[in-house]
Amino acid sequence: MQVLHGVDLTVQPSSITALVGGNGAGKTTTMRMLAGLLLPKSGTVMYQGKDITTWDAAKRVATGIALVPEGRLVFPDLSVEQNLRLGAISPSARPHTANRLEQVYSQFPRLRERRRQIAGTLSGGEQQMLALGRGLMSRPKILLLDEPSLGLAPMMVDQIFETISGLTSNGMTILLSEQNIGRALKMASQAYVIENGRISLDGEGWKLAAKPEVQRAYLGL
């Protein structure tokens, strides 16, 4: 079954680009396709001027593309630190494991406190921190975040979005897929609305948030 239909989007360096829409709109399929977990039947995926359409996920990770998947998907029977170290398994990231680990622990002090704890016993918010930290361990140039606020308490949502915003100030490029459309549009320099597998609207985040059709359909205004 074809899910996406002519999706066309561009992610600018050192910025947050948001892909927003309702449940089942095609956000996760788009993210999995960009990460190399799904290959498109047609169309092209370009990264830094190269056609990477046929590249597998491992090759994309090695060249700087990392996916933090929906639902976190940590390894529940491994410790926090073992999960993080697996994020640096690619040959390009492995020599920098110690430095990256220290950076992640500085970014998420709670993970340092729980570094020996089994990941499956963490709270949902802590597992989201761990999934984000694991993605950062691969030394990504572009981070694909699929529904990072899904199922989290409001206080933890605030912390996750604050962390995401801080990453771009350090030069990280982020594509953010979110159902929390108000928050996503507020922080995104560029945004795309996806409906039924098609891009229906695009523009600067704050401008999309001000559109009456977006407010009616997604913001409850």
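Buried means under 20% relative accessible area. Ser-177, at 0% relative accessibility, is therefore buried, and the tour of this predicted model starts there.

**Stop 1: Ser-177**

Select Ser-177, which sits in strand β6, residues 173–178. Now show the side chain of Asp-146: a polar contact of 3.2 Å joins it to the side chain of Ser-177. Next, display the residues that Ser-177 touches, leaving aside those up to four places away in sequence. They are Leu-19, Lys-27, Met-31, Leu-145, Asp-146, Glu-147 and Pro-148. Asp-146 thus appears both in this contact list and as the partner in the polar contact.

**Stop 2: the largest nonpolar core**

Move on to Ile-164. With residues up to four places away in sequence not counted, Ile-164 touches Ile-16, Leu-145, Pro-148, Ile-174, Leu-176 and Met-187. Leu-145 and Pro-148 are also among the residues in contact with Ser-177.

Which residues touch the most other members of the largest nonpolar core? Select Leu-143, Ile-164, Ile-174 and Leu-176, out of the 44 residues in that core. Then colour helix α7, residues 154–169: this helix gives the most to the core, with 6 residues. Another core, of 17 residues, lies apart from the largest one. To find it, select Val-45, Tyr-47, Ile-142 and Ile-194, which are among its residues. As a general point, nonpolar side chains in soluble globular proteins tend to be buried together.

**Stop 3: Ala-25**

Ile-194 leads to the next selection, since Ala-25 touches Ile-194, and also Glu-195, Asn-196 and Gly-197, not counting residues up to four places away in sequence. Ala-25 is in the loop between β1 (16–20) and α1 (27–35). Is Ala-25 buried or exposed? Its relative accessible area is 6%, so Ala-25 is buried. For a distance check, pick the C-alpha atoms of Ala-25 and Asp-51: the two residues are 26 residues apart in sequence and 26 Å apart in space.

**Stop 4: a salt-bridge network**

Side chains of opposite charge can pair when their charged atoms come close. How many salt bridges does the model have? The count comes to 8.

Select Arg-110, Glu-113, Arg-114 and Glu-126 together; salt bridges link these residues in a network. Begin with Glu-126 and Arg-110, whose closest N and O atoms are 3.9 Å apart in their salt bridge. This pair links distant parts of the chain, 16 residues apart, with Glu-126 in helix α6 (residues 124–136) and Arg-110 in helix α5 (residues 109–113). Turn on the surface to see how the two partners are placed. Glu-126 counts as buried because its relative accessibility is 7%, whereas Arg-110, at 30%, counts as partly exposed.

Within the same network, Arg-114 and Glu-113 meet in a salt bridge through their side chains, at 3.3 Å from N to O. A relative accessible area of 61% makes Glu-113 exposed, while Arg-114 is partly exposed at 25%.

**Stop 5: Lys-207 and Glu-204**

Finish with Lys-207, which forms a salt bridge with Glu-204; the closest N and O atoms are 3.2 Å apart. Lys-207 counts as partly exposed, at 42% relative accessibility. Glu-204 also counts as partly exposed, at 35%.

How values were computed. Residues numbered from 1 in each chain as written. Predicted model: local features only at pLDDT ≥ 70, side-chain atom pairs only at ≥ 80, totals over all residues. Heavy atoms only, no water. Core = buried A, V, L, I, M, F, W, Y, C linked by side-chain atoms within 4.5 Å. Buried < 20%, exposed > 50% of the residue type's maximum accessible area, 1.4 Å probe, protein only. Helix = DSSP H or I, 4+ residues; strand = E, 2+ residues; numbered from the N terminus. Contact = heavy atoms within 4.5 Å. Polar contact = N/O pair within 3.5 Å; in protein donor to acceptor, adjacent residues only side chain to side chain. Salt bridge = Lys/Arg side-chain N within 4 Å of Asp/Glu carboxyl O.
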